[in-house]
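Subject: Structure handover

Hello,

Here is the structure I promised you. Please load it first, then read the notes below it.

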Amino acid sequence: YGLTFNSYYNKYSPEIAQQRVMSYAQRLCDIGEQHGATTICVSLLGDLISGNIHTPIRIENRGNAISQVVGVSELIASFLYQLANHFSEVIVTNVSGNHSRIEQNPESALRAERLDALIPWYCKAKLEKVENIKFYDNELDPTISVIHIYDKTYVAVHGDYDPDMKTSATRISQLIGKKVDYFLAGHMHVADMRIEDIGYIRNGAVVTGGDEYTSKKRLFGPAA
């Protein structure tokens, strides 16, 4: 949220982000109704704001990092409220992404000092009267979220500390003392999934390709 550009491959702005996110919420509601689902788990995987970690990003941003946090917090709150009107229970977890870190140098940045952490805090206050939305805190580590769905264990990370998802899944299994069944990550801007002994799922993005940074990295794909 905050990035604004118009290129050959793609067009993006906060307004387009809002349209895509709310359209996605409606898709989830339709899927839930189709399958009779009563609970939905929302895992926020970070990079909810564009931030200021690269010069090309700063040039293409609309508004500073604070205004981005305010804008996307309102958007995520609206997204969750729409889900709450269609599901009996909405569970929300969060890990922060590298785009929201305060320190530009990743080597000197603190893991927990990222602006994404403010977004669920804001949404929790905004939606405190909505009783069927539950926010889960990360008890082990601010960069690791653990979710239990039926008899399966899901681990969610942003992914900037997890270049090899298989290695990270093994190490986190040792940390929590049980096998990870599904390992969820973001960070790479493009979607990916493979099922081995563990299911590895990397989400796409509301914007994928067309901006200065991702074009240089040749990261193209449909918006999630």
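Let's start with a helix pair. The axes of helix 1 (residues 14-35) and helix 3 (residues 65-84) come within 9 Å of each other, crossing at roughly 15°. Angles under 35 degrees count as roughly parallel, so helix 1 is roughly parallel to helix 3. The crossing of helix 1 past helix 3 is right-handed. Keep in mind that this is a predicted model.

Which residues make the contact? From helix 1 come Ala17, Gln18, Val21, Met22, Tyr24, Ala25, Gln26, Leu28 and Cys29. They meet Leu75, Ser78, Phe79, Gln82 and Leu83 of helix 3. By class, the residues of this contact between helix 1 and helix 3 are ten nonpolar, four polar and no charged.

Now the sheet. It is open, has five strands and mixed pairing, and its order is 6-7-8-10-9. Strand 6 (145-149) and strand 9 (192-195) stand at the edges. Each has a single partner strand, so one side of each has no neighbour in the sheet. From one strand to the next, the twist averages 15°.

A general reminder before the pairs: strands of a sheet pair through backbone hydrogen bonds, in either a parallel or an antiparallel sense. Here is how some of the pairs look:

- Strand 6 with strand 7 (residues 152-156): antiparallel, over five bridges. Ser145 has Ala156 in strand 7 as its bridge partner.
- Strand 8 with strand 10: parallel, over four bridges. Phe183 stands opposite Tyr200 in strand 10.
- Strand 9 with strand 10: antiparallel, joined by four bridges. Ile195 has Gly199 in strand 10 as its bridge partner.

Strand 9 and strand 10 also form a hairpin, with three residues between them. So strand 10 takes part in both a parallel pairing, with strand 8, and an antiparallel one, with strand 9, in keeping with the mixed pairing of the sheet.

What lies across the sheet strands? Helix 5 (residues 165-176) does. It lies across strand 6, strand 7, strand 8 (182-185), strand 9 and strand 10 (199-202). Helix 5 runs at about 120° to strand 8.

When you open the file, try two views. For the helix pair, centre on the contact of helix 1 with helix 3. For the sheet, look at helix 5 lying across the strands.

Best wishes

Key
Residues are numbered from 1 along each chain as its sequence is written. This is a predicted model: local features need pLDDT of at least 70, side-chain atom pairs count only at pLDDT 80 or more; totals for chains, interfaces and linings use all residues. Side-chain values use heavy atoms; hydrogens and water are left out. Two strands pair if DSSP finds at least two bridges between them. Helices (H or I, at least four residues) and strands (E, at least two) are DSSP runs, numbered from the N terminus. Axes are lines fitted to C-alpha atoms, for helices over the stretch in contact, and angles run from 0 to 180 degrees between N-to-C directions. Contact means heavy atoms within 4.5 Å. Angles under 35 degrees count as roughly parallel, over 145 as roughly antiparallel, 65 to 115 as roughly perpendicular and the rest as oblique. A crossing is left-handed if the near helix is turned anticlockwise from the far one by less than a right angle, and right-handed if clockwise. Ala, Val, Leu, Ile, Met, Phe, Trp, Tyr, Cys and Pro count as nonpolar, Asp, Glu, Lys and Arg as charged, and the others, Gly among them, as polar.
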